[in-house]
Amino acid sequence: MKNCIHLFLFLFSFSAYAQIPAGYYNDAEGLTGYSLKTALHNIIDDHNDQGYNALWSLYEISDVRADGKVWDIYADCDFEFGKASEGGGDQDEGSGGTVECDKFNREHTFPQSWFGGSGIMRNDPFHVLPTDKKVNSVRGNFAYGEVSNPTYTSGNGSKLGSNIYPGYAGIVFEPIDEYKGDIARGYFYMATRYEDLIDGWEFNDDDGNAMLNGTTDQVYETWALNMLIEWHSNDPVSQKEIDRNDAIYDYQGNRNPFIDHPEYVACIWQSDCGGASPTPSISVDENLTDFGTVAFGNVSTTQSYAFSGSDLTANLEITVSDNFQIAEVDNDADYTKAISITPTSGSITNKTIFVRFNPTSEINGVVNGQIVHSSTGASDVTINVSAAEQSDVPPPSISLSKTNLEFGTIAFESASTAQSYTINANDLTADLVITSSNSFEISLENADQNYGNSLNIIPESGSIADQVIFVRFKPAANTNALIEGTVSHTSAGLAEQVINVSGTEEADAPATPEINFNFNQLIVRDNNTYEVKLFSDVAPAQDMSVTISQNSVVNMASSDFMTTPSITNGIVELTWESGVTTAAFDFKVTNSNLFAEASVKSMGFVLNSSSDNSYSIGTNSSITLFIEGEVINTVESEQSHSFLTYPNPATDVLNIQIEATEFEYSILNLSGKTIITGSQNNKTDIDVSNLLSGVYILRLSTAKRVTSSLIVIE
């Protein structure tokens, strides 16, 4: 019901802004550079912060796909809005989400640790988006970047791994191309909206320090700024962003200027405000090494590099010297002497080119060459390459003592007993590189800390003699299936040699549900039927029987109440259905005289351990039900002097609707301890901003009556 109320309020207040409000950016007109950025800061500053919990309801307007599902940028899962505990939905409630497409939560694309984890930045939806909980956890606090060899890839292709974008070599997270511009414009918003704070965030977090440069103007390190500008240029503003910008404007009263005016990015950070055309440029990120010695008729091991181009007005042409070949795809048929690449919107980003040495004759000597990159208006960029052709050198050879290794069944996050094989090689002209597939690890020594997925063995005078390699199976995922892979051996001029490896990740035993009452005390004020709920951390795999005993520490007679299912020999036995995480029984006071007494009666219940171990008992294993009698001060005891509270749950202020103009109040916790007291005269609101989240008792005293009610504080 709470979600429905929030959604109604947002729909009620939602104005149909389909365009920028007239005059919104008037104060920025005619400005350029960082002066423009400061003017935009003044325009979007002091927005109406709605708090952190309100984001859930905003997402049902701002981040909903055409099919009504949650718009998740990290995994493209089909999440439903709402909570499972409130009738259905995939919203995170504190558990689950250990695998993709289980739960969604709130992702701070600009991580909380970077700005200290508090303040209105934490609640700002321009950088807080709904994403898959598992992928959010994998991303953690890492900076954004670009990855070629990921250690983790999500369901929609988002990646975690070492950064290949020039300027930073740490671990980064790369979203898919479709959302790179969205994220970049969120980062430009953060640099502008929090211009007066962001220069103090540089050293809050090592990953944040990798992107932030400690200034209020440029804000980001040069490598990060260049990458964000490229993402902004290559992924233009979409209708999704426009609609989201309008929804957030209705929600908190400010806009993202870089969605409304994408040209502001170049005008602020590139001094390009629509004047002369920028100069085309080409950059390469290469670490090519000598290709070694290869005999005529053979080819070397392939190497690769990446290049980028910006503001290009023509195709980018790549040519290579004789005896060397280049390709966009590492297939024999694709190697050539020249490649022409067409830019997209004037840009080429981190394009990979493969290179190999393929001598065209018997040279018997060193061969030097160049790879040249050129485009109209841009300065040529050259890479030097070298190798040697030696026809009278015998070709490299290698022998492996095993062709297959099978490791049996191993549990996820465990490792098998190691197996080994022996390598002998001759006439090698380069290092022998050994790599293993995911879930299989290799080492020169059978020591846990030495295992990994790659080895580099340097030959002695071209030979490797009786080298022992240890291999073990360590499942990288909870697959409950057979996993197959290879251990690959490569070196310059050597045909790849592989050992096939396999193992099975064992099926998991069903989790034992842990049962808890939902709270420790319940106050009953009339003879209606009350539902007492129990919760489980996981849904049982099949129906199970749960037994609940009466607690002996009570002062209510068994004839004063009843339960459904009924108590038999002091035991309530209920059936907990499979596949659900909650169950309940009903409690009703049958002796209405208890409500006229000034004293408090109680009835307690305690969870019992299951005889068949089908469930376990949590720490919240008992509940006490209190029957609170009425305290009548006048002869008007038959009249109604009830009151209403709203909102409930409350956050900062609790409003009271009551006939009396003067009353005293006290707020108690469920243990009976008084937390707040006070009195009101012609005023009906109570400040509860200092209360911790939880359930409390509100007790009001007027000249005619003392009355109590439960309230919830978020």
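This tour moves from the whole chain to one strand with its partners, and then to a single glutamine.

**The whole chain**

Begin with everything displayed, keeping in mind that the model is predicted. With the view aligned to the principal axes, the C-alpha atoms fill a box of roughly 115 × 70 × 40 Å. Colouring by secondary structure brings out 11 helices and 43 strands in the chain. The radius of gyration is 34 Å, well over the 27 Å that the globule rule gives for 714 residues, so the chain is more spread out than a compact globule.

Next, colour by burial: buried residues make up 45% of the 714 residues. If you switch to a surface, the accessible area comes to about 33500 Å², and carbon and sulfur atoms account for 46% of that area. A contact map is a useful companion here, since among contacts with a separation of 6 or more, 67% link residues that are 24 or more positions apart.

Then select the charged side chains, of which 33 are positive and 94 are negative; the centres of these two sets lie 9 Å apart.

**Strand 39 and its partners**

Select residues 662–668, which form strand 39. Of its 7 residues, 5 are buried, so this strand is largely enclosed by the rest of the structure. Add residues 674–681, which are strand 40, and you will find it running antiparallel to strand 39, with 7 bridges joining the two. Now add residues 694–701, strand 42, which also pairs with strand 39 in the antiparallel sense, here over 5 bridges.

Which residues stand opposite I667 in these two partner strands? In strand 40 the residue opposite I667 is I676, while in strand 42 it is L698.

**Around Q325**

Move to residues 324–327, which make up strand 11, and pick out Q325 within that strand. Is Q325 buried or exposed? Its relative accessible area is 17%, and because buried means under 20%, Q325 counts as buried.

To see what surrounds this side chain and backbone, leave aside residues up to four places away in sequence and display the others that Q325 touches. They are V320, Y335, T336, F354, V355, R356 and N358.

As a last step, draw a C-alpha to C-alpha distance from Q325 to A338: the two residues are 13 apart in sequence, and the distance in space is 8.3 Å.

How values were computed. Residues are numbered from 1 along each chain as its sequence is written. This is a predicted model: local features need pLDDT of at least 70, side-chain atom pairs count only at pLDDT 80 or more; totals for chains, interfaces and linings use all residues. Side-chain values use heavy atoms; hydrogens and water are left out. Helices (H or I, at least four residues) and strands (E, at least two) are DSSP runs, numbered from the N terminus. The radius of gyration is taken over C-alpha atoms; the globule rule is 2.2 Å times the number of residues to the power 0.38. Buried means under 20% relative accessible area, exposed over 50%, partly exposed in between (1.4 Å probe, protein chains only). Contact means heavy atoms within 4.5 Å. Accessible areas come from the Shrake-Rupley method with a 1.4 Å probe; for residues, only the protein chains shown count as cover. Lys and Arg count as positive and Asp and Glu as negative; His and the chain ends are not counted. The place of a charge is taken as NZ of Lys, CZ of Arg, CG of Asp or CD of Glu. Two strands pair if DSSP finds at least two bridges between them.
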